[in-house]
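Student: I would like a close look at one part of this chain, taken residue by residue and then set against the rest of the fold. Could you walk me through it carefully?

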Amino acid sequence: MYLVYEALMGMPFNRLDFTNNNIEDGVRGGMSVDAILDVVESNKHLRKLVIGRNQIGSQHIERLCSAVRNHLLVKLDLFDSFEPGIGDEMLASLLTIDDLKLEKLDMSSNHITSVGSAVVADFLATNTRLKELDLRDNNLNDSDAELIANALRSNTTLRVLLLEDNNTTDAGEEYFRPVMCDESSLNSVADSNHTCRLPGFMSSSCYNPSSDMGENRGRKLYGLLSSRNKTMSNVQHFSDIDVKVLPNILQAVQNYSNNMHGYEKANPLSIVYEVMRRWDKVTLCTRH
């Protein structure tokens, strides 16, 4: 193994993968975490680092954070590598690095608790560069889910958040629903999160399946218009909108309907008919 270590030192790799390297079936083998970090520190070209299923201790945290800072890492995979308590410490140390460049972070199966979730929530609320965060198979509860969900209200960068196999219930999932698609009004739908997906954690109706934020927003808006169309109630929600914007609303109906492929929806002509038939009546009532 020393020969491998020597061969890797100073080599200009863009990605290094040491998964399951220093322990196998409870028996140590391969390079130690310290040796892995020696290799990492010797490589100034490194951008992606995978060292999952290694026995990483608290004594390694500062060296890992230093590697993230100095190498401008964009991907870090540390799944199933920390004992209870150390995972929270690692997560907190990582997410408080100034000007963090990470775009993908895997901290699954690391005994993350409410201590770590508070740091995650504060971090996500600042709308950082992070695009994918894996927190599956940890010890997060419904209160943690609420914190993280609220952080997504101001985040337009995160594309994937993985939260399966934690200690959450249906109540925890429900905290995300109004964040991802608040159907209390058309404005609240428009202001929802249209970038992040939670695969395996939420029902498909609240996903953001497209990489196009505008398409996701349009699909949700038309979904609400379609739902209200069943009871012909759309126009009563337009009562505070100037009649001059009617052409824009009608154009929007057509645009939104194009984003509903594969979903149950009302015919756009039905919504147009509803709006045209009842607009004058509602407008007159609100002027008296």
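Tutor: Cys181 has a relative accessibility of 9% in this predicted model, and because the cut-off for a buried residue is under 20%, Cys181 counts as buried. Cys65 is likewise buried, with a relative accessible area of 3%. As for cysteine pairing, a search of the whole structure finds zero disulfides.

Cys181 leads directly to Lys220, since Cys181 is among the residues that Lys220 contacts once neighbours within four places in sequence are set aside; the others are Met180, Val189, Asn193, His194, Tyr207 and Asn208. Lys220 belongs to helix H10, which covers residues 213-229. What is the nearest side chain of opposite charge to this buried lysine? It is that of Glu183, 9.2 Å away, and Lys220 has no salt bridge. The side chain of Lys220 does, however, make polar contacts with two other side chains, that of Asn208 at 2.7 Å and that of His194 at 3.2 Å.

Glu183 also appears in the surroundings of Ser188, a residue of helix H9 (residues 186-190). With neighbours within four places in sequence left aside, Ser188 is in contact with Asp182 and Glu183. Ser188 is buried, with a relative accessible area of 14%, and its side chain takes part in two polar pairings: one joins it to the side chain of Ser184 at 3.0 Å, while in the other a polar atom of the Ser188 side chain lies 2.8 Å from the backbone oxygen of Ser185. Ser188 can also be placed relative to H10, the helix of residues 213-229, through Leu221: the C-alpha atoms of Ser188 and Leu221 are separated by 9.6 Å, although the two residues are 33 residues apart along the chain.

Turning to the nonpolar interior, the largest core holds 60 residues, and the members that touch the most others are Leu78, Leu105, Leu161 and Phe176. Two or more residues are given to this core by each of helices H1 (2-8), H2 (33-41), H3 (61-71), H4 (86-95), H5 (114-125), H6 (142-151) and H8 (177-180), and H2 gives the largest share, six residues. Beyond its neighbours within four places in sequence, Leu78 is in contact with Ile51, Gly52, Ile56, Leu64, Met90, Leu94, Asp106, Met107 and Asn110. There is also a second, separate core of 10 residues, which includes Tyr222, Val235, Val253 and Ala266.

H6 deserves a separate word. Its buried residues are Asp142, Asp144, Ala145, Ile148, Ala149 and Ala151, and the buried residues of H6 pack against H5, strand E8 (160-162), helix H7 (170-174) and H8. At the start of H6, a side-chain oxygen of Asn141 comes to within 3.0 Å of the backbone nitrogen of Ser143.

For the setting of these details, the chain contains 12 helices and eight strands, and buried residues make up 46% of its 288 residues. Among contacts in the chain with a separation of 6 or more, 77% are accounted for by residues 24 or more positions apart.

How values were computed
Residues numbered from 1 in each chain as written. Predicted model: local features only at pLDDT ≥ 70, side-chain atom pairs only at ≥ 80, totals over all residues. Heavy atoms only, no water. Helix = DSSP H or I, 4+ residues; strand = E, 2+ residues; numbered from the N terminus. Buried < 20%, exposed > 50% of the residue type's maximum accessible area, 1.4 Å probe, protein only. Lys, Arg positive; Asp, Glu negative; His and termini not counted. Salt bridge = Lys/Arg side-chain N within 4 Å of Asp/Glu carboxyl O. Polar contact = N/O pair within 3.5 Å; in protein donor to acceptor, adjacent residues only side chain to side chain. Contact = heavy atoms within 4.5 Å. Disulfide = S-S within 2.5 Å. Core = buried A, V, L, I, M, F, W, Y, C linked by side-chain atoms within 4.5 Å.
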